[in-house]
Amino acid sequence: MDTGIRARGLTKRYGHRVAVDDLSFTVRPGLVTGFLGPNGAGKSTTMRMLLGLTRPTRGTITIGGRHITDLDDPAHTVGALLDARAVHPLRTASDHLLAYAQTAGLGRARVAEVLELVGLADAAGRRADEFSLGMHQRLGIATALLGDPGVLVLDEPLNGLDPEGIRWMRTLMRDLAGEGRTILFSSHLMSEMELTADNLIVVGHGRLLAESTLAEFVRANTTQAVTVRTEQPDLLSHALHRAGVPFERAPDASLLVTGTESGTVGRIAAAEGIPLDELTRVRESLEDVFLRFTHDDTDYEGRAA
Ligand SMILES: Nc1ncnc2c1ncn2[C@@H]1O[C@H](COP(=O)(O)OP(=O)(O)OP(=O)(O)O)[C@@H](O)[C@H]1O
């Protein structure tokens, strides 16, 4: 079946507060899609509406064109990680999974498989109250994978994982997408999102701010900047000034040129016979771009609070 996710006009109000505001986006199968937004932007509420745990005020969010409650076999279609801590503290990892497996018509063999898959085989008999946050996350992922679903919805799956765990999770998400599954995950770890996501859905105040490939989001929102170093910064400053190219002098005597490509800066220097020691295009991280991109949005929240 088609495992694409589509939100159309999705809206959720809590009293006067609009948590999700006329949101429309598409999440495609075979790719990892990152769900990005400042705290309170409406990511969890959107995921909960997708999973049928919260009812939209207006609009729809569907899988393969169908609402989750209309799916023939939801347990084998969608797997979710929402709150990894939501495990009975006295239950063992194995018992926790078995309870879910039984409701989905699955047996012990599948429980053993997913425990192995998430690296918890040795902890199968341990109680949840002995688990670290990272182990809770792994158990949550195991629960999500039980039904071998085509769609995975993961809210902050990297929380509490150590660097090895984060790398494991990244590889797992990429592999699952490589098998043709639809992966939607949220994370505030921007560097990780940059390494993991193919596509991005960016929200702020419940509204869609951007929907594109990660590369395109960074490219479209990056201010072009070039660092230039020369032993003749004054001469270069004058040359840039004459050429109408905006720049700033850095404390280390290098120049930061904005809005112009490195080739142009190089040609201006060459025309004046100014030797350059360095000419580097400044590469912005997703975090740089995201923080600038959502700055106004966050500001507004600060003022409104
Ligand atoms: N059950 C609820 N009752 C009232 N308001 C709610 C409820 N659930 C969420 N909200 C509000 O809706 C808005 C969106 O919250 P949501 O948890 O979806 O954001 P988020 O993007 O997932 O944020 P975070 O990254 O902090 O989890 C917030 O202002 C939140 O306070």
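**Why is it called that? Pockets, strands and helices**

Tutor: Let's begin with the largest pocket, which holds about 600 Å³ of space. Keep in mind as we go that this is a predicted model.

Student: Which residues lie nearest the centre of the largest pocket?

Tutor: The lining has 27 residues, and G79, A80, Y100, T143 and A144 lie nearest the centre. At least two lining residues come from each of α2 (74-77), β5 (78-81), α3 (93-103) and α5 (133-145).

Student: How many of the lining residues are nonpolar, polar and charged?

Tutor: There are 20 nonpolar, six polar and one charged.

Student: Why is G79, one of the residues nearest the centre, counted in the class it is?

Tutor: Gly is placed among the polar residues by the rule used here, so G79 counts as polar, whereas Ala and Tyr count as nonpolar.

Student: On to the strands, then. What makes β3 mostly covered?

Tutor: Five of the five residues in β3 (residues 32-36) are buried. To be called buried, a residue must have under 20% relative accessible area.

Student: How do you know which way the residues of β3 point?

Tutor: V32, G34 and L36 point one way, while T33 and F35 point the other way. This fits a general pattern: side chains in a regular strand alternate between the two faces of the sheet.

Student: Why is β3 said to pair with β7 and β8?

Tutor: Two strands pair if there are at least two bridges between them. Four bridges join β3 to β7 (residues 182-186), and four join β3 to β8 (residues 199-204). Both counts meet the cut-off, so both are pairs. β3 runs parallel to β7 and also parallel to β8. For two places to look at, V32 stands opposite I183 in β7, and L36 has V202 in β8 as its bridge partner.

Student: Is T62 in strand β4 buried or exposed, and why?

Tutor: Its relative accessibility is 11%, and the limit for buried is under 20%, so T62 counts as buried. Beyond its neighbours within four places in sequence, T62 is in contact with G4, I5, R6, L50 and H67.

Student: What about D2, in the segment before β1: why does it get the label it has?

Tutor: D2 has a relative accessible area of 48%. That value lies between the 20% and 50% cut-offs, so D2 is partly exposed.

Student: D2 and I63 are 7.4 Å apart, C-alpha to C-alpha. What makes D2 and I63 a contact?

Tutor: The 7.4 Å is a C-alpha distance, but a contact is judged on heavy atoms within 4.5 Å. D2 does meet that test with I63, and also with P29 and G64. In sequence, D2 and I63 are 61 residues apart.

Student: How do you know that D2 and G4 have polar atoms close enough for a polar contact?

Tutor: The backbone nitrogen of G4 is 2.8 Å from a polar atom of the D2 side chain, and the distance cut-off is 3.5 Å. The distance test is therefore met.

Student: Last one: in helix α3, why is A99 not listed among the buried residues?

Tutor: A99 has 25% relative accessibility, and buried requires under 20%, so A99 counts as partly exposed. The buried residues of α3 are A93, S94, H96, L97, L98 and A101, and they pack against α4 (108-117) and α5.

How values were computed
Residues are numbered from 1 along each chain as its sequence is written. This is a predicted model: local features need pLDDT of at least 70, side-chain atom pairs count only at pLDDT 80 or more; totals for chains, interfaces and linings use all residues. Side-chain values use heavy atoms; hydrogens and water are left out. Buried means under 20% relative accessible area, exposed over 50%, partly exposed in between (1.4 Å probe, protein chains only). A polar contact is a pair of N or O atoms within 3.5 Å; within protein, one must be able to donate a hydrogen and the other to accept it, and residues adjacent in sequence count only if both atoms are side-chain atoms. On a 1 Å grid over the protein atoms alone, a cavity is a set of points where a 1.4 Å probe fits but cannot get out, and a pocket is an open set with protein on both sides within 12 Å along at least five of seven lines; lining residues have an atom within 4 Å of a point. Grid points are joined across faces, edges and corners, and a volume is the space filled by probe spheres set on the points.
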